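Here are some notes for a colleague who is opening this structure for the first time. They are numbered so that each point can be checked against the view.

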Amino acid sequence: MMENQNSDTLRPDEIERYRRHILLPEIGGQGQQKLKSARVLVIGAGGLGAPILEYLAAAGVGTIGIVDDDRVSLSNLQRQVIHDTGTIGEMKTRSAREAIARLNPNTRVMDFEERFSADWAQMHLSRFRLLIDGSDNFDTRYAAADAAEAARIPLVTGAVGRFDGSVTVLKPYEAGEDGELNPTYRDLFPEQPPEGLIPACAETGVVGALTGVIGTLMAMEAIKLVTGIGEPLVRRLLLYDALATRFDVIKYKRRATRTATE
């Protein structure tokens with residue numbers, strides 16, 4: 001694990017680096033300071049994690065945690081653009097940390113060469129204020145959703161298939177304008193699909209640029225959450241069909257609470 005020290009005040013070189021953000025009235029200097037003081041944990045430094053990490057670091061997020069227990073392989077490089085040929089065999093967390101340091105040395109990186117789990121979250125998640133799930137399996141997605149809900153922090157979660165992807169934002173500990181609690185991950189996906197029903201990309205393939213589209217959308221949602229601008233994808237699932245070049249949005253809500261006799 002590695003940390004670089006910085007303060008929340010923007011230095012002259014940072015004002016120049018983030019000038020295009022600061023020019024935006026919706027973000028401005030105050031929003032950029034929020035980004036600098038943000039503490040964001042990203043699960044996975046793979047296909048989705050790569051663009052998420054790069055754009056959050058470039059945007060000036062002050063502290064980024066990376067949790068991943070995998071190593072870089074040659075087959076990763078078709079889509080995991082934060083890594084390169086020279087990092088094959090390295091832990092993905094280390095490769096990503098070094099890439100972030102080259103991109104923006106102002107970003108503090110905390111890397112964990114471990115698999116995200118409920119036990120891991122109990123030990124470490126309290127150090128972060130936003131969770132982004134770029135994992136590729138349902139066990140981790142459910143664990144991330146449960147952990148974020150228990151910690152009362154927002155979760156940005158996304159997934160990709162062969163030529164399609166999805167993104168949503170979860171804040172089930174808060175109520176919406178209608179006074180109803182926001183939905184949980186299980187309101188969207190009540191049960192995990194049977195093992196083997198949804199094959200991994202190693203079996204079916206995935207177009208590399210697709211992970212860039214979905215990962216970048218996830219980074220944008222994170223920036224909105226940190227700075228407080230726009231309308232995050234709470235209660236909405238954004239679907240992307242790459243072959244048809246079509247975006248669709250599905251609204252969903254919290255399911256009625258079941259009684260013990262049901």
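1. Leu155 in strand S5 is the bridge partner of Leu131. The model is a predicted one, and this pair belongs to a parallel arrangement in which S4 and S5 are joined by three bridges. S5 covers residues 155-160, and five of its six residues are buried.

2. Parallel pairing also links S1 and S2, here over five bridges. Within that pairing, Val42 stands opposite Ile66 of S2. S2 is in turn joined to S3, again in parallel and again by five bridges. At that junction Val67 faces Phe112 of S3. S2 thus has a bridged partner in S1 and another in S3.

3. How much of S2 is covered? Five of its five residues are buried. In a regular strand, side chains alternate between the two faces of the sheet. On one side of S2 are Thr63, Gly65 and Val67, on the other Ile64 and Ile66, and all of these are buried.

4. Strand S3, residues 108-112, gives a similar reading, with five of its five residues buried. One side carries Arg108, Met110 and Phe112, and the other carries Val109 and Asp111; both sides are covered. Note that the buried set includes Arg108 and Asp111, so a reader should not expect a list made up of nonpolar names alone when looking at this strand.

5. In soluble globular proteins, nonpolar side chains tend to be buried together. The largest nonpolar core of this model has 37 residues, and Leu53, Leu56 and Ile132 have the most contacts inside it. Two or more residues each come from strands S1 (39-43), S2 (63-67), S4 (130-133), S6 (164-170) and S7 (236-241), and from helices H4 (49-59), H5 (92-103) and H10 (208-227). H10 gives the largest share, seven residues.

6. What does Leu53 touch, apart from residues up to four places away in sequence? Its contacts are Val42, Gly44, Ala45, Ile64, Ile66, Ile82, Ala96 and Ile100. Two of these names, Val42 and Ile66, have already appeared as a pair standing opposite each other, with Ile66 in S2.

7. There is also a second, separate core, of 25 residues. Phe128, Ala144, Ala147 and Leu170 are among its members.

8. Leu225 lies in helix H10. Is Leu225 buried or exposed? Its relative accessible area is 18%, and because the cut-off for buried is under 20%, Leu225 counts as buried. Setting aside residues up to four places away in sequence, Leu225 touches Leu130, Pro154, Val156, Val169, Lys171 and Pro232. Lys251 is 26 residues from Leu225 along the chain, and their C-alpha atoms are separated by 19 Å.

9. Val72 is found in the loop between S2 and H5. Its relative accessibility is 4%, so Val72 counts as buried. Leaving out neighbours within four places in sequence, Val72 is in contact with Leu77, His83, Thr87, Ile88, Gly89, Glu90, Lys92 and Ser95. Thr85 is 13 residues from Val72 in sequence, with 8.9 Å between their C-alpha atoms.

10. The cavities deserve a look as well. Two of 30 Å³ or more are counted, and the largest has a volume of about 40 Å³. Its lining is made up of Ala145, Ala148, Glu149, Ile153, Leu155, Leu170, Pro172, Thr184 and Tyr185. By class these are seven nonpolar, one polar and one charged. Helix H7, residues 138-151, gives the most to this lining, with three residues. Leu155, named in the lining, is the residue of S5 that pairs with Leu131, and Leu170, also in the lining, belongs to the second core.

11. Which residues line the second largest pocket? They are Lys171, Glu174, Ala175, Gly176, Glu177, Asp178, Asn182, Val234 and Arg235. The space in this pocket is about 220 Å³. By class, the lining has two nonpolar, two polar and five charged residues. Lys171, part of this lining, is also one of the residues that Leu225 touches.

Key:
Residues numbered from 1 in each chain as written. Predicted model: local features only at pLDDT ≥ 70, side-chain atom pairs only at ≥ 80, totals over all residues. Heavy atoms only, no water. Core = buried A, V, L, I, M, F, W, Y, C linked by side-chain atoms within 4.5 Å. Buried < 20%, exposed > 50% of the residue type's maximum accessible area, 1.4 Å probe, protein only. Helix = DSSP H or I, 4+ residues; strand = E, 2+ residues; numbered from the N terminus. Contact = heavy atoms within 4.5 Å. 1 Å grid on protein atoms, 1.4 Å probe; cavity = no way out; pocket = protein on both sides within 12 Å on 5 of 7 lines; lining within 4 Å. Points joined across faces, edges and corners; volume = space filled by probe spheres on them. Pairing = 2+ DSSP bridges.
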